[in-house]
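Welcome, and thanks for taking a look at this one with me. Here is the structure, followed by a short tour of a few of its features.

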Amino acid sequence: GQYILLERLGEGGMGQVFKARHRMLGRISAIKLIRKERLESPDAVRRFQREVRSAAALSHPNIVRAYDADEIAGTHLMVMEYIEGAIDLAKLVKKNGPLPVQQACEYIRQAALGLQHAHEKGMVHRDIKPANLLLTDGGKTVKVLDMGLARLDQPADDDDKSSTMTQEGVVMGTPDYIAPEQALDTHNVDIRADLYSLGCAFYYLLTGRVPFPGSTFIQKINKHQFEEPLPVEKLRPEVPPGVAKIVRKLMAKKPADRYQTPADVAA
């Protein structure tokens with residue numbers, strides 16, 4: 001279509017991301033090509049386009065802008081803001097190890113501010129994880145990525161609701177960050193599921209490991225339901241008790257026991 005692909009930036013369960021230039025405008029964007037199997041049904045395509053339209057209405061310094069969704073010769077794509085030199089927090093921790101406590105707190109605070117904006121617009125992300133938190137602006141700003149794909153992991157109708165987890169387990173990304181209630185029913189989660197995932201991401205930034213390492217997909221899901229992770233301060237004694245308490249509250253098993261909005265977390 002109007003886009004010339006310049007280089008591949010990455011690949012995930014949802015598809016591939018390319019740096020691209022618009023032929024007419026010359027504008028550089030990031031383009032996510034969605035895997036065919038994610039959008040096999042017309043319902044899924046409609047839902048995807050609707051989601052991206054919703055995401056395009058979001059305007060916040062802590063959210064990566066989605067500009068457009070299109071279909072070109074049977075390929076579905078989402079056009080997003082391209083950020084030169086950005087690195088996601090998963091790569092940052094892999095490269096440098098656990099983050100300084102103050103830095104981890106600041107990044108989670110900013111992610112919460114972005115989520116609050118989305119929450120006020122009625123959106124739930126459903127896939128918050130360090131790889132979807134992008135560090136930009138020379139390490140000063142965190143932006144939430146993939147807001148326009150928020151609901152793509154939902155089944156198209158009620159009939160296949162129960163089997164979605166197993167069918168999509170392969171492509172849903174790692175279950176390391178999934179809220180207990182989301183593993184049971186993707187449809188009916190609210191922003192508090194994102195806050196649980198944000199808590200798991202916080203845990204990872206502080207400790208350099210996921211809350212339940214070294215298990216199978218199903219074991220991880222079960223552990224999120226029924227087990228407590230090793231406390232952050234056991235793995236990293238210099239984490240202040242107040243910070244460890246925030247991580248625990250974010251990762252409460254019951255939504256009612258967590259912070260109720262991202263604004264509460266940021267505060």
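Which strands do the buried residues of α1 pack against?

## Helix α1 and its neighbours

Before the answer, please keep in mind that this is a predicted model. The buried residues of α1 pack against three strands: β3, β4 (66-72) and β5 (75-81). The residues in question are Ala44, Val45, Arg47, Phe48, Glu51, Val52 and Ala55. They sit on the same side of α1, because the arc they cover around the axis is only 165°. In a helix of this kind there are 3.6 residues a turn, so residues three or four places apart point the same way.

On the face turned away from that buried side, α1 carries the exposed residues Pro42 and Arg53. As for its length, the 15 residues of α1 reach 21 Å from the first C-alpha to the last, close to the 21 Å expected at 1.5 Å a residue.

## Lys36, ahead of the helix

Step back along the chain and you meet Lys36, placed in the loop between β3 (28-34) and α1 (42-56). Is Lys36 buried or exposed? Its relative accessible area is 58%, and because the cut-off for exposed is over 50%, Lys36 counts as exposed.

Lys36 still has company: leaving out residues up to four places away in sequence, it touches Gly74 and Thr75. Between Lys36 and Met14 there are 9.3 Å in space, C-alpha to C-alpha, with the two 22 residues apart in sequence.

## The nonpolar cores

The largest nonpolar core holds 66 residues, and those touching the most other members are Leu89, Tyr107, Met147, Leu198, Phe202, Leu205 and Leu206. Helix α6 (residues 191-207) supplies the largest share of this core, with eleven residues. A second, separate core has five residues, among them Ala20, Ile31, Leu77 and Val79.

Phe202 is a good residue to zoom in on. Setting aside its neighbours within four places in sequence, Phe202 is in contact with Ala104, Cys105, Ile108, Val243, Ile246, Val247 and Leu250.

## How confident is the prediction?

The protein chain averages a pLDDT of 87, and 91% of the residues score at least 70. Among its elements, helix α10 (residues 262-266) has the highest mean pLDDT, 98, while helix α4 (residues 164-168) has the lowest, 35.

Do take care over residues 154-173, where the pLDDT is below 50. Beyond near neighbours in sequence, this stretch has 34 contacts in the model.

Terms used: Residues numbered from 1 in each chain as written. Predicted model: local features only at pLDDT ≥ 70, side-chain atom pairs only at ≥ 80, totals over all residues. Heavy atoms only, no water. Core = buried A, V, L, I, M, F, W, Y, C linked by side-chain atoms within 4.5 Å. Buried < 20%, exposed > 50% of the residue type's maximum accessible area, 1.4 Å probe, protein only. Helix = DSSP H or I, 4+ residues; strand = E, 2+ residues; numbered from the N terminus. Contact = heavy atoms within 4.5 Å. pLDDT = per-residue confidence, 0-100. Expected span 1.5 Å × (residues − 1). Arc of directions from axis to C-beta.
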